[in-house]
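Student: I would like to learn how to read a fold feature by feature. Where do we begin?

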Amino acid sequence: MANAGLQLLGFILAFLGWIGAIASTAMPQWKVHSYAGDNIVTAQSIYEGLWMSCVSQSTGQIQCKVFDSLLNLNSTLQATRALMVVGILLGLIAIFVATVGMKCMKCLEDDEVQKMRMAVIGGVIFLIAGLAALVATAWYGHRIVQEFYDPMTPVNARYEFGAALFTGWAAASLLLLGGALLSCSCPRKASYPTPRPYPKPAPSSGKDYV
């Protein structure tokens with residue numbers, strides 16, 4: 001029962017992490033314009049995501065422009081896109097695989113070992129998806145820090161971490177934690193009791209009694 005509860009907890013955490021990865025990928029606030037410096041302009045807010053850049057006016061009006069050319073994007077943005085999409089697709093596969101291996105499901109009830117192996121495989125795929133999301137967000141965040149402290153970057157062109165980046169880090173953590181919990185349900189070798197020796201029959205004395 002404890003193992004089933006561990007499986008369910010791991011699956012819920014990983015599923016929440018998968019939802020968070022989707023939300024993070026779709027959000028446009030991967031990096032927001034920094035107001036550090038002397039020229040502080042609060043009339044508008046500029047932020048960029050993986051798919052578009054947006055400008056929010058103080059009046060509440062928001063204008064977004066989708067990145068038109070894929071080849072015109074920098075390598076960091078392309079790699080981050082690819083890793084996040086791969087992580088989401090792997091998470092979808094892991095959901096189906098882990099669902100089959102959950103003890104609360106009726107699938108593969110006749111083969112308990114195979115059922116537990118499916119749960120472990122789903123957990124491993126969740127771990128890979130979490131690593132992909134973690135690498136993507138860490139790489140993108142490193143690029144933001146690198147450009148922020150670059151003396152060649154103008155003050156009015158510097159960016160800081162956005163909400164989508166923090167969402168991605170939280171999603172990657174949930175995917176890794178949930179995948180680790182699912183992987184802990186690895187099937188153990190069945191231990192069979194040692195057969196008890198039967199008592200040897202007493203040797204016959206050679207006399208027949210009537």
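Tutor: Begin with strand pairing. Two strands pair if DSSP finds at least two bridges between them. Keep in mind that this model is predicted.

Student: Which residue takes a positive phi in the hairpin of S3 and S4?

Tutor: Glycine 60, with phi near 100°. That hairpin has 4 residues between the strands. S3 and strand S4 (residues 62-66) are antiparallel, with 5 bridges. One bridge sets serine 53 against lysine 65 in S4.

Student: How many residues join S2 to S3?

Tutor: The hairpin there runs through 3 residues. Strand S2 (residues 44-48) and strand S3 (residues 52-57) also pair in the antiparallel sense, over 5 bridges. Glutamine 44 faces glutamine 57 of S3 across the pairing. As a rule, side chains in a regular strand alternate between the two faces of the sheet.

Student: What pattern does the protein follow along the sequence?

Tutor: Read it as α-β-β-β-β-α-α-β-α. The count is 4 helices and 5 strands. Then look at the contacts with a separation of 6 or more: 65% of them join residues 24 or more positions apart.

Student: What share of the residues is buried?

Tutor: Buried means under 20% relative accessible area. Of the 210 residues in the protein, 34% are buried. The accessible surface is about 13200 Å², and carbon and sulfur atoms hold 66% of that area.

Student: Which residues touch the most other members of the largest nonpolar core?

Tutor: The general idea comes first. In soluble globular proteins, nonpolar side chains tend to be buried together. Here the largest nonpolar core has 29 residues, and Trp30, Leu50, Met84, Phe126 and Tyr140 touch the most other members. At least two residues of this core come from each of H1, helix H2 (75-101), helix H3 (112-148) and helix H4 (163-183). H3 gives the largest share, 8 residues.

Student: What does methionine 84 touch?

Tutor: Leave out residues up to four places away in sequence. Methionine 84 then touches Ala21, Ser24, Thr25, Trp30, Leu50, Ala133 and Ala136. Trp30 and Leu50 appear again among the core members named above.

Student: Which nonpolar residues form a patch on the surface?

Tutor: Leu8, Ile12, Phe15, Leu16, Ile19 and Ile22 do, with about 480 Å² of accessible area together. Take phenylalanine 15 as the example. It lies in helix H1 (residues 2-26).

Student: Why does phenylalanine 15 count as partly exposed?

Tutor: Partly exposed lies between the 20% and 50% cut-offs. Phenylalanine 15 has 34% relative accessibility, so it falls in that class.

Student: How many salt bridges does a search of the whole structure find?

Tutor: The search finds 2. A salt bridge needs a side-chain nitrogen of Lys or Arg within 4 Å of a carboxyl oxygen of Asp or Glu. Glutamate 48 and lysine 31 qualify, with their closest N and O atoms 3.7 Å apart. This pair links distant parts of the chain, 17 residues apart: glutamate 48 is in strand S2 and lysine 31 in strand S1 (residues 31-33). Lysine 31 counts as buried because its relative accessibility is 13%.

Student: Where in the structure are arginine 143 and glutamate 147?

Tutor: Both are in helix H3. They are 4 residues apart, which means a separation of about one helical turn. Their side chains form a salt bridge at 2.9 Å, N to O. Arginine 143 is partly exposed at 28% relative accessibility. Glutamate 147 is partly exposed too, with a relative accessible area of 29%.

How values were computed:
Residues numbered from 1 in each chain as written. Predicted model: local features only at pLDDT ≥ 70, side-chain atom pairs only at ≥ 80, totals over all residues. Heavy atoms only, no water. Patch = residues over 30% accessible without salt bridge, like charges linked within 9 Å, V, L, I, M, F, W, Y side chains within 5 Å. Areas by Shrake-Rupley, 256 points an atom, 1.4 Å probe, with all protein chains shown as cover. Buried < 20%, exposed > 50% of the residue type's maximum accessible area, 1.4 Å probe, protein only. Contact = heavy atoms within 4.5 Å. Core = buried A, V, L, I, M, F, W, Y, C linked by side-chain atoms within 4.5 Å.
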